[in-house]
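The following note was prepared for a colleague who is beginning to read protein structures. Its points are numbered so that each may be checked in turn.

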Amino acid sequence: MTAGTQNEKYSKEAIQFDSTYVLRAHHGLCLYFFKGKGYSSEFAANMADIKSRLDKNPLVRIISGTDVICSKCPNNTGARCESEAKVAEYDRQVLSRCNLNDGDIMPFYDFRKLVYQNILLPGKREEICSDCQWTSLCHFL
Ligand code: SF4
């Protein structure tokens with residue numbers, strides 16, 4: 001199945017449940033390499049909790065904007081990232097490379113697979129976010 005076909009299958013018009021997790025696109029990369037570190041202890045605890053919830057494969061709505069992970073981040077001021085221009089470009093890159101639209105909804109595993117196949121497997125991650133302060137953590141062992 002191509003990414004385009006998946007997009008049609010899981011378009012935001014097709015499925016919308018209250019239990020859908022809002023996830024900003026570039027966090028599909030961060031979640032692959034999260035090792036318990038983050039901007040604060042509250043941030044790291046929340047991200048670990050979200051990661052464990054996503055491991056149950058709920059629906060996610062992929063966006064560019066603050067999300068369930070940003071919700072406990074000290075850089076989130078007034079529902080906007082202090083580095084919004086930089087991270088919005090990360091989001092745009094992930095959406096584009098995965099052939100997704102802002103607002104698409106799909107099972108988390110499908111999104112994770114798109115990120116893996118289109119970005120991580122071909123070694124493209126550093127083209128997107130090599131200027132992130134956490135980039136040294138984001139490598140497969
Ligand atoms: S740094 Fe910005 S994008 Fe990253 S979690 Fe914090 S608010 Fe969200």
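**Notes on the predicted model**

1. The sheet. In this predicted model, three strands make up an open sheet, arranged in the order 1-2-3, and their pairing is mixed. Strand 1 (21-24) and strand 3 (105-107) stand at the edges; each has a single partner strand, so one side of each is left without a neighbour in the sheet. On average, neighbouring strands of the sheet are turned by 40° against each other, direction ignored.

2. The two pairings. Strand 1 and strand 2 pair in the parallel sense over four bridges. Strand 2 (residues 59-63) also pairs with strand 3, here in the antiparallel sense and over three bridges. Particular residues can be followed across the sheet. Tyrosine 21 has valine 60 of strand 2 as its bridge partner, and valine 60 in turn stands opposite methionine 106 in strand 3. Leucine 59 stands opposite proline 107, which belongs to strand 3.

3. The chain as a whole. The chain contains six helices and three strands. Read from the N terminus, its elements follow the order α-β-α-α-β-α-β-α-α. The chain has 141 residues, of which 27% count as buried. Among contacts with a separation of 6 or more, 77% are between residues 24 or more positions apart.

4. The helix across the sheet. Helix 5 (residues 108-120) lies across strand 2 and strand 3, and runs at about 95° to strand 3.

5. The nonpolar core. Which residues have the most contacts inside the largest nonpolar core? They are Val60, Ile62, Val94, Cys98, Phe111 and Val115, in a core of 25 residues. Two or more residues each are given to this core by helix 3 (41-54), strand 2, helix 4 (84-97), strand 3, helix 5 and helix 6. Helix 5 supplies the largest share, five residues. As background, nonpolar side chains in soluble globular proteins tend to be buried together.

6. Valine 60 in its surroundings. Apart from its neighbours within four places in sequence, valine 60 is in contact with Thr20, Tyr21, Leu23, Met106, Phe108 and Phe111. Two of these, Tyr21 and Met106, were met above as its partners across the sheet.

7. The ligand. The ligand is surrounded by Thr66, Ile69, Cys70, Cys73, Asn75, Asn76, Cys81, Ser83 and Val87. By class, this shell has five nonpolar and four polar residues, and no charged ones.

8. Two residues with positive phi. Alanine 79 is not a glycine, yet has a positive phi of about 60°. Alanine 79 is found in the loop between strand 2 and helix 4, and counts as exposed because it has 9 C-beta neighbours inside 10 Å, where 12 or fewer suffice for that class. Asparagine 99, also a residue other than glycine, has a positive phi near 60° and is found in the loop between helix 4 and strand 3. Is asparagine 99 exposed or only partly exposed? With 15 other C-beta atoms within 10 Å, asparagine 99 is partly exposed.

9. Histidine 139. This residue is found in the segment after helix 6 (125-129). Histidine 139 counts as exposed because 9 C-beta neighbours lie inside 10 Å. The C-alpha atoms of histidine 139 and tyrosine 32 are separated by 9.1 Å, although the two residues are 107 residues apart along the chain.

Methods
Residues numbered from 1 in each chain as written. Predicted model: local features only at pLDDT ≥ 70, side-chain atom pairs only at ≥ 80, totals over all residues. Pairing = 2+ DSSP bridges. Axes fitted to C-alpha atoms, helices over the stretch in contact; angles between N-to-C directions. Contact = placed C-beta atoms within 7 Å. Near = placed C-beta within 6 Å. Nonpolar A, V, L, I, M, F, W, Y, C, P; charged D, E, K, R; others polar. Buried ≥ 20, exposed ≤ 12 C-beta atoms within 10 Å, placed from the backbone. Core = buried A, V, L, I, M, F, W, Y, C linked by C-beta atoms within 7 Å.
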